[in-house]
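Here's a quick tour for anyone meeting this structure for the first time. Have a look at the view below, then read on.

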There are 2 protein chains.
Amino acid sequence: MGDTNKDKEVSKEHKPRAPEPLVEKMTGIPDWFYALKAASPTGGDSLAAERARATFDPAAMTRVLFGNNLVGVFEETLGVLQSDENNTFSKENRYYMGRSERFKDRLKMDSKFAEIARTNKWNDTQRTVANLLIDEPGTFSLHTGMFMPCLNSQGTDEQRKYWLGLAHNYRIIGCYAQTELGHGSNVQGLETTATYIPETEQFELHSPSLTAAKWWVGGLGKTATHAVVMARLITKGKDFGPHTFIVPIRSLEDHKPFPGIMVGDVGPKMGFNCVDNGFMLFNKYRISRDHMLMRYSKVDKEGNYHAPPVQRISYGTMIFVRAYLVASSALALARGATVAIRYSAIRRQFSDPNASKDDAVFQKFSPLPGSKAKCETAVIDYSLQQYRLFPIIAQSYALHFSGFWMLRIYVKMMKNINDGNLDLLPEVHAASSGLKSLTTTIAAAGIEEARRACGGHGYSLFSGLPDFLNTFLPLVTLEGDNHLLTQQTARYLLKQVKKYSQDPSKIPTNDSSTTKYLGAPYLKSWTSAKKEEDLQNTDVLLDAFGHRSKRLVVELATKMAKGQSWNDSLIEMYAISKAHCQYILLKNFVHGATDKRASKAGVTGPLGTLCVLFGLSTMEQELSEFVEDGFVSQQQTTWLRSQLKKTLAAVRPNAVALVDSWGIPDYVLNSALGRYDGKAYESMFEMALKEPLNVNARLHGDVVEGYEEYLRPLIRRGLAPPSKSKL
Amino acid sequence: MGDTNKDKEVSKEHKPRAPEPLVEKMTGIPDWFYALKAASPTGGDSLAAERARATFDPAAMTRVLFGNNLVGVFEETLGVLQSDENNTFSKENRYYMGRSERFKDRLKMDSKFAEIARTNKWNDTQRTVANLLIDEPGTFSLHTGMFMPCLNSQGTDEQRKYWLGLAHNYRIIGCYAQTELGHGSNVQGLETTATYIPETEQFELHSPSLTAAKWWVGGLGKTATHAVVMARLITKGKDFGPHTFIVPIRSLEDHKPFPGIMVGDVGPKMGFNCVDNGFMLFNKYRISRDHMLMRYSKVDKEGNYHAPPVQRISYGTMIFVRAYLVASSALALARGATVAIRYSAIRRQFSDPNASKDDAVFQKFSPLPGSKAKCETAVIDYSLQQYRLFPIIAQSYALHFSGFWMLRIYVKMMKNINDGNLDLLPEVHAASSGLKSLTTTIAAAGIEEARRACGGHGYSLFSGLPDFLNTFLPLVTLEGDNHLLTQQTARYLLKQVKKYSQDPSKIPTNDSSTTKYLGAPYLKSWTSAKKEEDLQNTDVLLDAFGHRSKRLVVELATKMAKGQSWNDSLIEMYAISKAHCQYILLKNFVHGATDKRASKAGVTGPLGTLCVLFGLSTMEQELSEFVEDGFVSQQQTTWLRSQLKKTLAAVRPNAVALVDSWGIPDYVLNSALGRYDGKAYESMFEMALKEPLNVNARLHGDVVEGYEEYLRPLIRRGLAPPSKSKL
């Protein structure tokens, strides 16, 4: 993503759009309603004052985060989606639809998407961005996300040519069937078999038990015509373990499943309800031999198994997906923070003149009825609200810089691998495993905290956060369970520590190494933090993060050397992986906050403050691990808590600008509380008026369905008709 | 709840029920499907082995937790609900229904419930239990939960007689309208006005702005005929602040809202979708003077305001509700733990013979195909899974003992108040505020952790956890926001510390006091923990919890004495309230684990272990606060982590029995993964087959709705009909 000069287009994103008709006219609503306004100060008043306080230009920050090109792609793609003449991509009814309805609506979008992508000749980036904007996983996600990449990496040249051609044009729709009802993480435990029958040159797919059913397969339930199926290859009586096969499952003519296959949807989930995650059972279902994907392993006509000449490196895709998830976690947190910060600046409760002393709106607005105070205090001015929310802003930036770092290092690693150099692989694999685990966990927690920080309204779907959180949540399990994954990272760290202690010449000298700190001298105390203000120095913070991670690794290595079993070490492994990845997050944030791009854009100040906040708040959260070996002294913990408060105060004037900087459009937020223009309450009302229970009632003379059957008989049990007067 | 001898009935709960037809026959499903079984070892095999390992009788534990009487009420009420001839209270379709459908279904239950309660002459306990079992908040919850209590406490005798008589017989259906769109926690900021018009002897209710709309009012949206409305009383030009009025809102004849009122539903929420939380605006809406609830404040015909002779004590109901929420949090955690623990004993992934060394099932079952291991390891045997889940079991018991303690002390306090003694009020109010905050926060986190610990299947509604968590989540905001509430507790603690230091004779000497520890001598180090095994002693643990809480209170008091503002102290107040309440939780748990009832039932062993686990895991989680002043030494933290592991291992054999002990019936769990009989996978499949997308597809020849419109045109774009052969 290079930086070309497109300032004008970028800045546009940060200007309020033309006011929409709030609240629009609807039948059955009395005229006097339309005269009502939100009480002053309005959300718009508050946000305007916030934006006037900011010490930097959010548009400049957006460019630092994404570069102009990517920002341009977002704007252009958004324009295409929003200009669709049938309003196909509207999210207006999303929160009201039941599952079947929403599924069908999403199918309509998918069908239109395929057409638009073809017409506009969208490349992969544009497709990815468009899907991010639509922000609702659909049934085709796995077609392009797993089915096609899998054919590409595991099919022979002939298979690729044939199947990818069909898939690319949606002549077939594919899914990827690996997980079974009884087996997820442990691929070696899968039960489905593919037995070779030399007489007919076919494989017979079979599910020997109920738990062998393929399960959770996205797109399988209702739409896919083909599946890449992972099954145990059995030939000549020998089980060669899981291999992949391409399997036709539904007729291309009438879409009916073929005999011998039982397929359906796995039922309702917290989110992803527009995806038909499916199940599938095979009853001695035959496919011809050429349906085995044979780029590596092969079975010949006679049924002889041929192992691949060399074990191929299959980590590439996995690492890419994890890098992508780290970057996605940043955006997800940013979205949660955007809603909560904007609404906290709008929402006013109680009056604390001391807390509001820097709030221009507080000074300006007239007294509340019956109150001696001038105005109520914006909840963002309460220190506990800042303590809850500002670290989430800091985390979103921290995750962003590490996400983009991971994507860069992935590209470098793949280039090296193509040149025959595998050196980077173990380090990048370890970082990607631990970072995927840590960042998706942080993001899920941060979104939920942001939701709760919106008070009661955070519980309404109109806040934009519940539906979004539910869609994010599977990421803590998918692509490697967040607890299981930490073993990968820990294993690597334990190995490095052993290697460095046996041979100090192996200690990395390059600053870009993620494990250089493991070879640093072991300090007994935090000597670089000599006075309280030193805690604003990110190098000083990095010293502490490095020491803590190294100590935890060394202690576990020692325990295991003395015989502590693998299973008895899992708790420590989790801690090690987290400590290492928090070090990486801080390191990459420091780098991002001080690099050329940031200083050219004039945002090193606010970025640096945020970086310190990330370090201090993370340290406070994990404080025992820094303190318990005496590294951080009693006095230093006092400094830490005091500096943390000071840093929260330093972030305060820029809070709204820092979330504005992400440039997340209202179309994506789909949130009454988080809209750019601050019309939170007007928007809550408008959305409520569109609730089907209300619309239906207005159509039925303002009486709810079920009244005649259940309510009236209860209220009027054995009564004569009441008089017309009000009770 | 006395203990009568009803062992037989109690034990019944813990026996598996007669096997249900899994999977039941449905149309459109091939015969071969019914021959499939789950792979061995089955869930039933695993749970049987777990139950055989237990060192105590779960039925005896159930009696310790609830007493026989309450257990009897649960069983009897469950029997009544399940024997309804129309199966009105079935939960079979709950996870598939859209909002409107589910709302109507719940209305049907409510109507039936009213009938059954009348027929069976149910008392308050039976009604409460029945609602717990139905486990879905309905539109009438606020009628009995808020509307009637409010009339009762604030109406004159005449008003009570008239309105409560109607309400009790469901002649009117009520709700409680306090919160507004723009104001929640701050009642003094409400905007709705009730202006007295002496000419007509009426009040005119009016909403001066959009944000003045009553919002979130349960039962208001669609069903209530009347509302108790909180509005600012204005008479003779003076604003007397919020007062309560009873307001007719819908005609008793045809249920239509009266002119001058605009009312509707606030829209979809994360949960509570069977409750019609509503909004309401008034346009100069008149009610007669006798509709003001005048037990305390009064307005006479001429419009003169009469303040109540003494400020009445309004804390009673609030404290009761908070006590009830603490007890509910215990049950909620227990439910999450029941599902996750049972499923963790069933679910097997990978094979670690060392981890499975005490698992009889692991030894018994034959090798997996292609694997050298005997069997896979139950995930409950992985130490990290134990570290995630066993503390949740411990928390559920801890919360239970404090919940029941709160209910007892509430009764005692109310008795005292009736005798004119208010001494207990400040202490109980402080404990109830902090405990409500802490326990609902713990429970929400524990349920979500339990859900994630179920792996991918935890994301399915069939796990029983998502819907349940969504229903629980508002409790972190309702009845006092969990962050705001901690100020109440902190204020009280700060006052006590000051009082005790000024006058040591004020230090409580009674062991039942929650603040006696604040007057204890200030220790510099944890001298009672002399060796590692001392950490199994709950008195030693209590020493540490007491010291930590006292230190935090004293430090904040010192800072505030030096001028730190209230707003700058909110972070510390949150910490103080948590520390104090964790002390109370541990103290009450110690008491419950060692009392007569527990020793008579022979469960002090497992209860004591669980109590230690609660202490150790809580301490580990908050470790920095114990360590940072040097109270807990470096060596003692090593002991802590080591003893925590040992205690997890000690809980292991009883894990399933400890969740069985709660006796939560399958009807409440409504969970495929958590069923008592362990048929997790069979049940997942059965529930999936009932998914409407599948049922509809089977009715339409196994093709999904939307195929003809969106899929077929995409797949077959410009194609001649394909040949019949499979691709």
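## How chain A is divided

Chain A splits into four pieces: domain 1 (53–136), domain 2 (173–307), domain 3 (317–362 + 373–659) and domain 4 (679–719). Keep in mind that this is a predicted model. Measure between C-alpha centres and you'll find domain 2 of chain A and domain 4 of chain A sitting 48 Å apart.

For a close-up inside domain 1 (53–136), try A:Lys112, which is part of helix H4 (residues 99–119) of chain A. Is A:Lys112 buried or exposed? A:Lys112 has a relative accessible area of 15%, so it counts as buried, the cut-off being under 20%. Setting aside residues up to four places away in sequence, A:Lys112 touches A:Asp84, A:Asn86, A:Thr88 and A:Phe89.

## Two chains, one axis

How does chain A relate to chain B? Turn chain A by 180°, with 0.0 Å of shift along the axis, and it superposes on chain B with an RMSD of 0.0 Å. That's how a two-fold axis relates things. In chain A, the C-alpha nearest the axis belongs to A:Ser624, at 2.1 Å from it. Both copies use the same surface, too: 100% of the contact residues of chain A turn up again in chain B.

## The nonpolar core

The largest nonpolar core takes in 341 residues. Which residues have the most contacts inside it? They are A:Tyr397, A:Phe685, B:Tyr397 and B:Phe685. As a bit of background, nonpolar side chains in soluble globular proteins tend to be buried together.

B:Phe685 is a nice one to click on. Not counting residues up to four places away in sequence, B:Phe685 touches B:Phe33 in chain B, and on the chain A side it reaches A:Leu181, A:Leu210, A:Ala213, A:Trp215, A:Met262, A:Phe279 and A:Leu281.

## The annotated active site

UniProt, in an unreviewed entry, puts the feature "active site" at A:Glu479. Where is A:Glu479 found? Look in the loop of chain A between helix H12 (466–472) and helix H13 (486–502). With 33% relative accessibility, A:Glu479 is partly exposed. Ignoring neighbours within four places in sequence, A:Glu479 is in contact with A:Val321, A:Arg322, A:Leu325, A:Lys436 and A:Leu485.

## Cysteines without partners

How many disulfides are there over all chains? The count is zero. Take A:Cys274: it is in no disulfide, and the nearest cysteine sulfur, that of A:Cys175, is 17 Å away. A:Cys274 is also buried, at 2% relative accessibility.

Why does A:Cys611 have no bond to A:Cys581? The closest cysteine sulfur to that of A:Cys611 is the one in A:Cys581, and at 17 Å it is too far for a bond, since a disulfide needs the two sulfur atoms within 2.5 Å. A:Cys611 is buried as well, with a relative accessible area of 1%.

## A stop in chain B

Finally, find B:Pro713 in helix H25 (residues 707–715) of chain B. B:Pro713 is partly exposed, its relative accessible area being 42%. Leaving out neighbours within four places in sequence, B:Pro713 is in contact with B:Tyr707 and B:Glu708.

For a sense of distance, pair B:Pro713 with B:Thr515: they are 198 residues apart in sequence and, C-alpha to C-alpha, 73 Å apart in space.

Notes
Residues are numbered from 1 along each chain as its sequence is written. Chains are lettered from A and ligands numbered from 1 in the order in which they are written. This is a predicted model: local features need pLDDT of at least 70, side-chain atom pairs count only at pLDDT 80 or more; totals for chains, interfaces and linings use all residues. Side-chain values use heavy atoms; hydrogens and water are left out. Buried means under 20% relative accessible area, exposed over 50%, partly exposed in between (1.4 Å probe, protein chains only). UniProt positions are given in the numbering used here, feature names are shortened, and annotations may be inferred rather than shown by experiment. Helices (H or I, at least four residues) and strands (E, at least two) are DSSP runs, numbered from the N terminus. Contact means heavy atoms within 4.5 Å. A nonpolar core is a set of buried Ala, Val, Leu, Ile, Met, Phe, Trp, Tyr and Cys residues joined through side-chain atoms within 4.5 Å. Domain bounds come from an automatic or database domain assignment. Copies are superposed by least squares on the C-alpha atoms of residues with pLDDT of at least 70 in both.
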